[in-house]
There are 2 protein chains.
Amino acid sequence: MTADQVVRALGALAQEHRLAVFRLLVQAGAEGVAAGQLAERLGIAPSSMSFHLAQLSHAGLVAQARHGRSIVYSANYGAMNGLMGYLTDNCCNGVPCTDDAMCADAACEERGAA
Amino acid sequence: MTADQVVRALGALAQEHRLAVFRLLVQAGAEGVAAGQLAERLGIAPSSMSFHLAQLSHAGLVAQARHGRSIVYSANYGAMNGLMGYLTDNCCNGVPCTDDAMCADAACEERGAA
DNA sequence: TCCATATTTCGATTATCATGGAAATATGGA
DNA sequence: TCCATATTTCCATGATAATCGAAATATGGA
């Protein structure tokens, strides 16, 4: 994952509505949620939701599939894990990890100083 | 960590120069790096660097300490770990973690479905 | 006190983001 | 074919972000 991709993924999640959308999609799992339902649940206009979904899609964080008249969105766990990996390396690289940090005790030992 | 704090932290990192700054600070460790050195290393104007450092500081991701005439910035690992924890919960909550995912095999078992 | 260094704040400019209504596109069913 | 539903694209608007030069603030030393 390149730094440019990381910036785009972070930017995609760095917005109240988009973070909420991603959380909903993660909770929904592989089944996904239709665009209209997302707009209704968050109380924003369909066109605004479409804009946000495009950003998430452009960042590779969500996948879309047509299902009848609806377009169903689902979370892309691979992209999220890639982002987490980059941040973990960033968080722990070259410095002793703190003891009370989840990032340290679990992830760092797993991945080493890669 | 509230959703609002998470959005602010993500937004702080979702910029080429600020992500680079944070990486440099993580590499530098507790010693930190002065504002002027950061600006010189990244090749941007001091005032621009000050703007970016203010964003990182406002998000709680960096700490600052005056050291003579310089102001030395250092990474706040606690805030970063808080962000990682939120994202980990977001990434794994309620769905079966994929096998090839770092986020899954290490962090999820550690934290459970909290 | 006076000056040089280090950083921030201010001001102006340009670019990008977020929003929703209106129109366009696509699908399914009568 | 015709219509209702679902979503996106287009358009205009207001808000926020990123940039840098210039001026202001703070520190240390002569």
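Two short exercises follow, on the surface near DNA strand D and on A:His52, in a predicted model.

**Exercise 1. The surface near DNA strand D**

Find which residues come nearest to DNA strand D, which elements supply the surface, and which polar side-chain atoms approach the strand.

Solution.

1. Start with the neighbours. There are 22 residues around DNA strand D. A:Gly36, A:Tyr73, B:Arg18, B:Ser48 and B:His52 come nearest.
2. Sort the residues by type. Seven are nonpolar, 11 are polar and four are charged.
3. Turn to the strand. Of its atoms within 4 Å of the protein, 67% belong to sugar or phosphate. The rest belong to bases.
4. Check the side chains of chain B. The cut-off for a polar contact is 3.5 Å between N or O atoms. B:His52 places a side-chain N or O atom 2.2 Å from a phosphate oxygen of the strand. For B:Ser48, the distance from a polar side-chain atom to a phosphate oxygen is 2.7 Å. B:Ser47 instead faces a base oxygen, at 3.3 Å from a side-chain N or O atom.
5. Assign the elements. Those giving two or more residues are α3 (35-42), α4 (46-58) and β3 (70-75) of chain A, plus α2 (16-28) and α4 (46-58) of chain B. α4(B) gives the most, with five residues.

**Exercise 2. The setting of A:His52**

Decide whether A:His52 is buried or exposed, and list its contacts beyond four places in sequence.

Solution.

1. Locate the residue. A:His52 sits in helix α4 of chain A.
2. Apply the cut-off. Its relative accessible area is 8%. Buried means under 20%, so A:His52 is buried.
3. List the contacts. Outside its neighbours within four places in sequence, A:His52 touches A:Gln15, A:His17, A:Arg18 and A:Ile44.

Key. Residues numbered from 1 in each chain as written. Chains lettered and ligands numbered in written order. Predicted model: local features only at pLDDT ≥ 70, side-chain atom pairs only at ≥ 80, totals over all residues. Heavy atoms only, no water. Near = heavy atom within 4 Å. Polar contact = N/O pair within 3.5 Å; in protein donor to acceptor, adjacent residues only side chain to side chain. Helix = DSSP H or I, 4+ residues; strand = E, 2+ residues; numbered from the N terminus. Nonpolar A, V, L, I, M, F, W, Y, C, P; charged D, E, K, R; others polar. Buried < 20%, exposed > 50% of the residue type's maximum accessible area, 1.4 Å probe, protein only. Contact = heavy atoms within 4.5 Å.
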